[in-house]
Amino acid sequence: MKFDGEFELAAVPPEKAWIVLSDPVAIAQSLKGCRYITPMDEDFSFDDYEPPDGQQTLPDADPEVVAERAFVEGQRYAALMQVGVGSVKPRFETTVTIEERDDEDFRMIATGGGDASGSSFSMESGMTIHPSDDGAGSRIEWWTEADISGRIAQMGQRVIKPVANKIVNNFFGNIEQQMTDVDERASESVTDRIRNLL
């Protein structure tokens with residue numbers, strides 16, 4: 001199953017969009033049904049892990065903290081997701097690997113998969129941030145290819161696609177608000193400092 005699309009951010013330049021989309025905490029807070037996204041090692045346990053309370057994102061967070069926790073190429077991340085599809089609301093314990101991360105061309109590719117009671121999925125996703133045609137904002141191209149099996153797959157694309165589209169639209173709406181806040185409230189020195197740290 002393939003999903004793709006574009007999203008315009010009228011007044012947020014690619015450099016600032018990239019900083020927000022590089023922050024796993026900002027992604028988790030903007031993604032409906034996501035409890036956390038955190039780096040994982042071989043000993044990581046979904047049952048035992050508790051995310052820290054009150055994690056701040058830009059423009060309120062410390063720039064060095066944001067830069068330090070940014071997605072890293074080759075790193076594996078644990079993401080706990082709970083998304084309702086029809087009458088089913090599975091809790092997906094998901095593992096995601098950042099396969100490619102290009103700070104110059106603002107491009108990121110990730111692979112991963114997850115399991116829940118009676119359902120599983122694997123996916124490859126990517127995004128590239130381009131300058132908008134007028135040069136003042138950003139155009140984000142994104143795509144996901146997913147292989148879904150189990151109870152959710154039995155519902156078919158007719159049920160799954162509207163849910164996926166709603167999640168994506170909500171995500172980009174939330175992330176746009178955060179990017180607008182960053183653009184309006186974070187000084188150039190703050191965002192430049194993070195860019196240098198990345």
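This note goes through the confidence, the enclosed spaces, the cores and some local backbone features of a predicted model.

1. Confidence. The model is predicted. Mean pLDDT for the protein chain is 86. Of its residues, 91% reach 70 or more. Strand β2 (residues 34-39) has the highest confidence, at a mean of 95. Helix α6 (residues 188-197) has the lowest, at 71.

2. The cavity. How many cavities of 30 Å³ or more does the structure hold? There is one. The largest cavity has a volume of about 1200 Å³. Its lining comprises 35 residues. L31, M81, M123, S125 and T144 are the closest to its centre.

3. Walls of the cavity. Six elements each give two or more residues to the lining of the largest cavity. The strands are β3 (76-82), β4 (91-102), β5 (107-116), β6 (119-131) and β7 (138-150). The helix is α5 (157-185). Helix α5 gives the most, with seven residues.

4. Character of the cavity lining. By class, 31 of the residues lining the largest cavity are nonpolar. Four are polar. None is charged.

5. The pocket. The largest pocket holds about 190 Å³ of space. Its lining has 14 residues. V25, Y36, I37, P51 and Q55 lie nearest the centre of this pocket. Two elements, α2 (24-30) and β2, give two or more residues to the lining. Strand β2 gives the most, with five. The class split is nine nonpolar, three polar and two charged residues. Set beside that, the lining of the largest cavity has no charged residues.

6. The main core. The largest nonpolar core has 48 residues. Which residues have the most contacts inside it? They are L21, I37, I129, F172, I175 and M179. Helix α5 again leads, giving the most to this core with nine residues. I37 is also among the residues nearest the centre of the largest pocket.

7. Around I129. Leaving aside residues up to four places away in sequence, I129 touches P14, A17, W18 and L21. It also touches D105, F106, S138, R139 and I140. P14, A17, W18 and L21 are among the buried residues of helix α1.

8. The second core. A separate core has six residues. Y36, M40, F46 and A78 are among them. Y36 is also one of the residues nearest the centre of the largest pocket.

9. Helix α1. Is helix α1 (residues 14-21) mostly covered or mostly open? It is mostly covered, with seven of its eight residues buried. These are P14, K16, A17, W18, I19, V20 and L21. K16 is thus a lysine in the buried set. L21 recurs as one of the residues with the most contacts in the largest nonpolar core.

10. F106. This residue is found in the loop between β4 and β5. Its phi is near 55 degrees, a positive value in a residue other than glycine. Why does F106 count as buried? Its relative accessibility is 10%, and the cut-off for buried is under 20%. F106 is also one of the residues that I129 touches.

11. The cis peptide. A cis peptide bond joins L58 and P59. Omega there is about 10 degrees. P59 has its place in the loop between β2 and α3 (63-68).

Terms used:
Residues numbered from 1 in each chain as written. Predicted model: local features only at pLDDT ≥ 70, side-chain atom pairs only at ≥ 80, totals over all residues. Heavy atoms only, no water. pLDDT = per-residue confidence, 0-100. Helix = DSSP H or I, 4+ residues; strand = E, 2+ residues; numbered from the N terminus. 1 Å grid on protein atoms, 1.4 Å probe; cavity = no way out; pocket = protein on both sides within 12 Å on 5 of 7 lines; lining within 4 Å. Points joined across faces, edges and corners; volume = space filled by probe spheres on them. Nonpolar A, V, L, I, M, F, W, Y, C, P; charged D, E, K, R; others polar. Core = buried A, V, L, I, M, F, W, Y, C linked by side-chain atoms within 4.5 Å. Buried < 20%, exposed > 50% of the residue type's maximum accessible area, 1.4 Å probe, protein only. Contact = heavy atoms within 4.5 Å.
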